[in-house]
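Here's a quick briefing to read with the model open beside you. It goes from strand pairing through overall build to the contact between the chains.

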2 protein chains.
Amino acid sequence: MPSGSFDFAPLLTPSLPPPAAKWTGFPKYNFIGGNNDPGHVPVDELITAATAVLAREGSTLATYGLNSGPLGYRPLREFLADKLKRTAGIACSVEEILITSGSLQGLDLVNGLLLAPGDTVLIEQESYQGALTRLARLGINAVGIPLDDDGMRVDAVAAALDDLERRGIRAKYIYIIPTVQNPTGTIMGEARRRELLRLSQAHHVPIFEDDCYADLIWDGRRPPALYAMSDRGGVIHIGSFSKTIAPALRVGYVVAPWDILSRMLALKTDAGSGALEQMVLAEFCACHFNKHVPELTRALRAKLDTLMDALAEHFGTAAEFDEPKGGIFLWVKLPDAVDTPKLAQAALAAGVAINPGPDWSTSKTYGKSRLRLCFANPSTHVIREGVAVLAEVCRREFGVPQRSANVERANA
Amino acid sequence: MPSGSFDFAPLLTPSLPPPAAKWTGFPKYNFIGGNNDPGHVPVDELITAATAVLAREGSTLATYGLNSGPLGYRPLREFLADKLKRTAGIACSVEEILITSGSLQGLDLVNGLLLAPGDTVLIEQESYQGALTRLARLGINAVGIPLDDDGMRVDAVAAALDDLERRGIRAKYIYIIPTVQNPTGTIMGEARRRELLRLSQAHHVPIFEDDCYADLIWDGRRPPALYAMSDRGGVIHIGSFSKTIAPALRVGYVVAPWDILSRMLALKTDAGSGALEQMVLAEFCACHFNKHVPELTRALRAKLDTLMDALAEHFGTAAEFDEPKGGIFLWVKLPDAVDTPKLAQAALAAGVAINPGPDWSTSKTYGKSRLRLCFANPSTHVIREGVAVLAEVCRREFGVPQRSANVERANA
């Protein structure tokens with residue numbers, strides 16, 4: 001039995017990330033990650049789908065890629081081609097869709113295709129942690145572009161591109177989450193999308209559009225995808241089933257012209273993404289996707305209302321936020337005195353997990369007193385209790401909010 | 001709609017692999033890849049397993065990693081801990097097993113942990129193409145160690161390590177497939193395993209043991225894994241369900257002490273491997289693995305017999321091979337005049353796909369007249385017909401085998 005006495009340390013490759021900690025279970029009040037509502041995993045329909053598709057095509061699991069080849073299970077790509085047309089206005093063939101192991105693999109493939117250490121990209125100043133950490137690991141200069149309530153500010157994009165051009169630098173891409181921005185929850189309007197495309201084309205810098213949350217919109221209305229609006233290409237589009245069906249199913253996709261996709265496919269040396277998940281999803285989605293998503297979205301909206309109520313109750317005016325247009329998270333500003341990385345540590349000791357702002361921003365200063373709260377996983381009861389505990393911890397550590405909600409209410 | 005007129009070419013990262021070709025379906029006679037017998041995908045049992053596990057735990061799909069954390073679905077790790085003890089003699093806890101998206105992800109994680117461009121590793125001279133291509137992509141010096149019918153030759157390992165030491169080079173690992181070697185099908189005996197471990201420890205070079213095919217052995221008997229035999233650690237072990245259950249299910253695993261696994265886990269930034277496949281596999285394996293594998297192995301053995309018969313019939317003495325101890329492939333030597341990369345091209349035009357030897361060897365010269373034939377996927381009828389076509393193409397292109405089987409038989 002290996003005792004581990006062999007010393008691997010001198011053999012490790014340079015600049016590895018720190019080792020992972022042992023898993024100790026979920027925190028009691030879980031406001032982090034892209035976890036979703038357990039009550040809305042469509043279990044019965046997934047069982048029906050699994051039974052049907054395995055009975056019909058189970059023996060094709062004997063071959064890598066089933067009978068569909070390396071782009072992924074063809075019926076799932078057919079569903080996506082239809083869905084992307086319907087919801088995002090994207091007209092693409094099944095040869096322009098690559099199924100990936102989560103949209104994170106899409107991020108890795110796009111980065112593998114375009115990035116080398118020292119390269120520069122533009123990114124929303126507040127953006128997805130998984131994108132930011134990847135860029136840091138790859139040694140990329142990530143230029144943060146400030147946001148407003150219409151999303152990434154195009155005046156700042158123009159200024160950044162001009163500045164780079166003056167310095168002889170061509171950015172490799174503009175990474176953007178235009179439709180339910182992560183973490184701010186905004187949706188970029190059509191006019192600004194057009195302007196962003198104009199800048200992208202004028203500066204020959206492509207757009208990397210991450211539409212992960214785009215199906216979870218309260219009023220169900222969204223502008224066309226940047227991919228759809230571009231009349232000259234130059235956009236790579238990724239999406240996911242993590243948010244609409246279940247995050248533990250690792251199924252995402254990349255949409256790109258074949259000449260780009262064929263280069264990415266050559267980097268996808270995993271012998272295919274898991275076929276059973278693709279088969280079950282395709283079978284499920286063909287019948288249930290259009291009914292399931294609005295149901296899930298209504299449940300998420302109710303949880304957001306609970307969270308906003310609880311914040312108002314327990315933080316009062318100390319917690320500022322704009323109501324997101326959809327999604328599963330709320331981006332919150334606390335008073336400047338609050339250091340959210342420190343708050344996150346103290347809160348975790350009290351059973352409350354939050355995403356501190358600096359992890360979600362290229363500006364550690366801007367992120368310092370901000371945090372992201374994901375509301376999809378905890379029940380409404382747990383949301384209320386968790387926010388109360390968080391407020392207690394925050395008051396204890398930083399003196400805000402000044403009074404407890406009960407006292408404040410009693411005095412009101 | 002994107003016309004693709006945007007030119008991505010100047011933005012691509014240097015030294016990308018060539019673009020993938022469009023998928024045109026499987027060849028009629030498919031002797032390549034790790035594909036398996038469609039008749040032995042346990043479809044009914046997988047349906048039962050999927051139904052049971054989804055009904056019981058389906059709602060946990062709402063959280064990344066289910067309730068098991070990033071090492072993977074705990075019941076699957078529990079099954080593996082028991083199975084590895086029983087079959088390979090490995091005593092490990094569920095905290096020393098990481099579920100991966102196929103054993104290829106295990107390869108990537110081990111390489112990510114240990115390798116930097118310019119590093120040196122030892123590898124069986126004939127080895128898995130996926131391992132060889134990864135090393136080439138990473139800029140690694142892969143020192144090929146010749147094989148005999150007991151596997152990797154330890155005298156050559158000793159000589160290579162001594163030589164490297166003289167040159168001040170410490171190899172990063174010895175990659176080995178000791179139990180049903182790919183492509184030669186040998187099983188390294190216990191005595192040589194001991195000697196290899198001694199060399200590994202004396203030179204402080206760890207062993208990277210790939211046991212992908214180790215469950216598919218005709219007589220069901222195997223020596224303990226190197227991981228189990230080492231009393232001082234220094235071994236990382238990987239395995240897979242691809243060969244025993246179904247290759248399109250992308251589920252493999254890494255076994256390593258926690259201090260190593262925790263470093264690898266930090267590199268696994270995929271938000272977990274597909275959970276549904278893990279759940280279904282765990283549920284299936286708990287009841288059926290022990291019965292399923294011998295049934296599959298018997299079917300594979302019958303196909304191997306068909307293949308060896310067909311080669312004798314159509315190639316006569318022109319095809320030389322040693323009978324493998326298990327697995328899904330046969331490593332064949334043709335006369336020196338035959339160039340198997342050229343043969344592979346001509347054969348594919350005739351509907352026969354083969355793996356040319358140079359892709360499976362660090363020595364292009366040694367591999368030139370050799371090829372790998374996978375027999376698990378085609379039916380016995382297709383095996384016979386495919387070998388006949390291959391012999392025809394080979395005779396047409398290279399003049400061997402000299403006469404057709406029928407004529408030869410008629411004269412016998």
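Two strands count as paired if DSSP finds at least two bridges between them. With that in hand, take V121(A): its bridge partner in β4(A) is A142(A). Keep in mind that this is a predicted model.

**The parallel pair in chain A**
- V121(A) and A142(A) are bridge partners within a bigger picture: β3 (residues 120-124) and β4 (residues 141-145) of chain A pair in the parallel sense, with five bridges.
- To get from β3(A) to β4(A), the chain passes through helix α4 (residues 129-137) of chain A, making a β-α-β crossover that is right-handed.

**The three-stranded sheets**
- Chain A has an open sheet of three strands, ordered β11-β14-β13, with antiparallel pairing.
- Its edges are β11 (329-333) and β13 (355-356) of chain A, each of which pairs on one side only.
- β11(A) runs antiparallel to β14 (residues 370-374) of chain A, and five bridges join the two.
- For a landmark on β14(A), look at R372(A), the bridge partner of W331(A).
- Over in chain B, an open sheet of three strands has the order β11-β14-β13, again with antiparallel pairing.
- The edge strands there are β11 (329-333) and β13 (355-356) of chain B, and each pairs on one side only.
- β11(B) and β14 (residues 370-374) of chain B run antiparallel and are joined by five bridges.
- A handy marker in chain B is K333(B), whose bridge partner in β14(B) is R370(B).

**Overall build of chain A**
- Chain A's secondary structure adds up to 13 helices and 14 strands.
- How compact is chain A? Its radius of gyration is 22 Å, close to the 22 Å that the globule rule gives for 412 residues, so chain A is as compact as a globular protein of that length.
- The C-alpha trace of chain A spans about 65 × 60 × 60 Å along its principal axes.
- Of the 412 residues in chain A, 57% count as buried.
- Take the contacts in chain A between residues at least 6 apart in sequence: 76% of them join residues at least 24 apart.

**How the two copies meet**
- Chain A superposes on chain B (RMSD 0.0 Å) after a rotation of 180° with 0.0 Å of shift along the axis.
- The two copies are therefore related as by a two-fold rotation axis.
- Both copies use the same surface, as 99% of the contact residues of chain A recur in chain B.
- The contact draws on 87 residues from chain A and 88 residues from chain B.
- On the chain A side, the elements giving two or more residues are α1 (43-57), α3 (102-114), α8 (258-267) and α9 (275-315).
- By residue type, that side of chain A divides into 49 nonpolar, 28 polar and 10 charged.

**A closer look at T60(A)**
- T60(A) sits in the loop between α1 and α2 (74-88) of chain A.
- Is T60(A) buried or exposed? It has 21 other C-beta atoms within 10 Å, so T60(A) is buried, the cut-off being 20 or more.
- Leaving out residues up to four places away in sequence, T60(A) touches L66(A), N67(A) and P38(B).
- V43(A) is 17 residues from T60(A) along the chain, and their C-alpha atoms are separated by 24 Å.

Key. Residues are numbered from 1 along each chain as its sequence is written. Chains are lettered from A and ligands numbered from 1 in the order in which they are written. This is a predicted model: local features need pLDDT of at least 70, side-chain atom pairs count only at pLDDT 80 or more; totals for chains, interfaces and linings use all residues. Two residues are in contact if their C-beta atoms, placed from the backbone, lie within 7 Å. Helices (H or I, at least four residues) and strands (E, at least two) are DSSP runs, numbered from the N terminus. Ala, Val, Leu, Ile, Met, Phe, Trp, Tyr, Cys and Pro count as nonpolar, Asp, Glu, Lys and Arg as charged, and the others, Gly among them, as polar. The radius of gyration is taken over C-alpha atoms; the globule rule is 2.2 Å times the number of residues to the power 0.38. A residue is buried if 20 or more other C-beta atoms lie within 10 Å of its own, exposed if 12 or fewer, and partly exposed in between; C-beta atoms are placed from the backbone. Copies are superposed by least squares on the C-alpha atoms of residues with pLDDT of at least 70 in both. A crossover is right-handed if, with the strands pointing away from the viewer, the path from the first strand over the helix to the second runs clockwise.
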